[in-house]
Amino acid sequence: MTDTSAASKPSGPLRDVWVQFRSHKGAMFGLITLSILIVAVMIGPYLWVPEKLSVAQAIKLKNQGPSFRFPLGTDQLGRDMLARMLLAGRISLAVGLVAMGIAIVFGTLIGVLAGYFRRLDGPLMRLTDMFLALPLIPLLLVMVMLFRDRIAGIIGPELGAFTLIVFAIGITSWMATARIVRGEVLTLKEREYVLAARSIGARPNRIILRHILPNVISPVMVAATLGVAEAIITESVLSFLGLGFPPDFPTWGRLLYDGLQYMQVYPERVVWPGLAISLTVLSVNYIGDGLRDALDPRIRGR
Amino acid sequence: MSPALVQVRDLKMHFPIYTGLLRRRTGAVKAVDGVSFDIRAGETLGLVGESGCGKSTVGRALLRLYEPTAGSVVIGGEDIATLSPAALRAKRPMMQMVFQDPQASLNPRMTVQAIISEPLDEQSDWDRDRKQTRVLELMDQVGLNRRFANRYPHEFSGGQRQRIGIARALALSPKFIVCDEPIAALDVSIQAQVVNLLEDLQDNLGLTYLFISHDLSMVRHIADRVAVMYLGRIAELSPRDALYARPLHPYAEALLSAVPEPDPSREGARQRIILQGDVPSPANPPKGCNFCTRCPKVFDRCRVEKPDLVEVEPGRLVACHLYPAITHPSPDQPGGTQATKPTQQGEVQ
């Protein structure tokens, strides 16, 4: 028992997490799929440059099926679908991940504060109720009307639209997370280990960071993975209503809606963006699932 | 005899009840309603009573995990109940707690190493190596294998988990430890191990315990003096042997008559006192003595006047109208006479 060095060196908690994550087949599938998607949309547009067509040529080549010249066919204006899909993925993935990030951070913050500090509970939860009661579409409409031109004037139309949409989606989808987290915190803070930490003299911020947050990670993960899907869909709804990105600016949601009118004649026009959205959502869900398991020492190593 | 390390005077802990649409305060659960006692340095005070009588609340209010409604808790010369948050934090290392449920008192996402060193993280500015050395030292002290330092709580048995909890409580070298039913959730064969560990630690480190339990035999084993609680008040506070040999308060008598006798020939002769009825609600305790609704020896005075906890025999404090207080040269608060008792005892006898 004198051998202290071998016994006490931590084997690296991050390593344990990674080992457990690797053993989760779904999570690895999700990680690989999402990586491929991200890499494709990042460097794809540089590798696959569509040929420049005159308007007359483009009209002749409209609504083509898949071919070597146009691997995913062309749309109703003769534009190359593959190039548009790749470009659209950039926006959709970025919107989905960033909006989810905003919603999760904000929702967790509100939830933890409301759950842990009794005095903040009432005001913060009423705020949450208020946001839940707001009709989403009119709110977004007003936000876009008020701020689009102003933000576009400062950071350019594309980045401006991106910021506005991400912000708008984030600010309108944190409420579910806040409620879940608050409920979880309310039960956790009565646990004896939180009491033990208080009896040691730990300050609330340390208790929250060390005892509360690691234990609310499971519901947050679930909310986060569902949030990505929701954000991508909401973005497409906004674009469809003309509130999102400019019409010539492709996103997966927009491609989906553009294809809807031609669905019976050219179903692949809907299938491609739909497949991309589904794959993203599915892989994010699996990654979240695997992470949740890997972060829980009770499940790890089983 | 050593002076009192902990002096509790008239401690009250009421939890408000809010009802109705406007959340108006309509009453209070009087979980602890005027409790006074002393714990001398190095002794173990057992605190027994049935479920819901306020034992755990006393323990938690003592460490100010709850904000007491009234009363004072003087530990080592400072009143814990009124300390400012900063002063309280500085005082925390002196007093620690061992919890009932070893499963719930350990964060499932932290390793044993992290759990035991948490008090050190909070209260000391030691470097990693020094903390590590201390953690391993503590694990030796409570009989945990050093190789388990990087394991998680769910990998341990109940008894081992309780040892982790004890090691955490010891990390800051406290003087006073509240053991809140530390053995209630353990298997009988493990209970003895944990209690013996607590006794060994007391001998080696000079600890003072408040041992909260409803296991009367275990309290008899570990405690020097025993306080019997009923409905938020102390019914009797006596030295262990005197209490178990001849309980004075009718409730203590009834409670102790429930302890099984290991000797079968004597077990047959054991007279059980079966109390009638239920414990009254602590939100609405009876007007006079708290025990008057169930007491077999009740008489008229009990229903109107609350008895005070007074010294009725040398060293024995009872809250019952049946026993008149012995008169002291200097009338003092109950228990406050403890420090000077030996000389008085000499005079009386």
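**Exercise 1.** Leaving aside neighbours within four places in sequence, which residues is Thr293(B) in contact with? Find its place in the chain and its exposure class too.

*Solution.* Keep in mind that this is a predicted model.
- Start with the location: Thr293(B) sits in the loop between α10 (264-267) and β11 (310-313) of chain B.
- Next, list the contacts beyond four places in sequence: they are Gly277(B), Pro280(B) and Pro286(B).
- Then classify the exposure. Thr293(B) has 19 C-beta neighbours inside 10 Å, so it counts as partly exposed; a buried residue would need 20 or more.
- Finally, try a distance: Arg272(B) is 21 residues away along the chain, and its C-alpha atom is separated from that of Thr293(B) by 19 Å.

**Exercise 2.** Describe the side of chain B that touches chain A.

*Solution.*
- Count residues on each side: the contact takes 23 residues from chain A and 27 residues from chain B.
- Now look at the elements of chain B: β6 (95-98), α3 (112-123) and α4 (128-141) each supply at least two residues. The largest share, four residues, comes from α3(B).
- Sort the residues of chain B by character: eleven are nonpolar, nine charged and seven polar.

**Exercise 3.** Work out how β6(B) is placed.

*Solution.*
- Begin with side-chain directions. In a regular strand, side chains alternate between the two faces of the sheet.
- Check the residues: Met95(B) and Met97(B) point one way, Gln96(B) and Val98(B) the other, and all are buried.
- Look for the partner strand: four bridges join β6(B) to β7 (residues 176-180) of chain B, and the two run parallel.
- Pick out one facing pair: Val98(B) stands opposite Cys179(B) in β7(B).

Methods
Residues are numbered from 1 along each chain as its sequence is written. Chains are lettered from A and ligands numbered from 1 in the order in which they are written. This is a predicted model: local features need pLDDT of at least 70, side-chain atom pairs count only at pLDDT 80 or more; totals for chains, interfaces and linings use all residues. A residue is buried if 20 or more other C-beta atoms lie within 10 Å of its own, exposed if 12 or fewer, and partly exposed in between; C-beta atoms are placed from the backbone. Two residues are in contact if their C-beta atoms, placed from the backbone, lie within 7 Å. Ala, Val, Leu, Ile, Met, Phe, Trp, Tyr, Cys and Pro count as nonpolar, Asp, Glu, Lys and Arg as charged, and the others, Gly among them, as polar. Two strands pair if DSSP finds at least two bridges between them.
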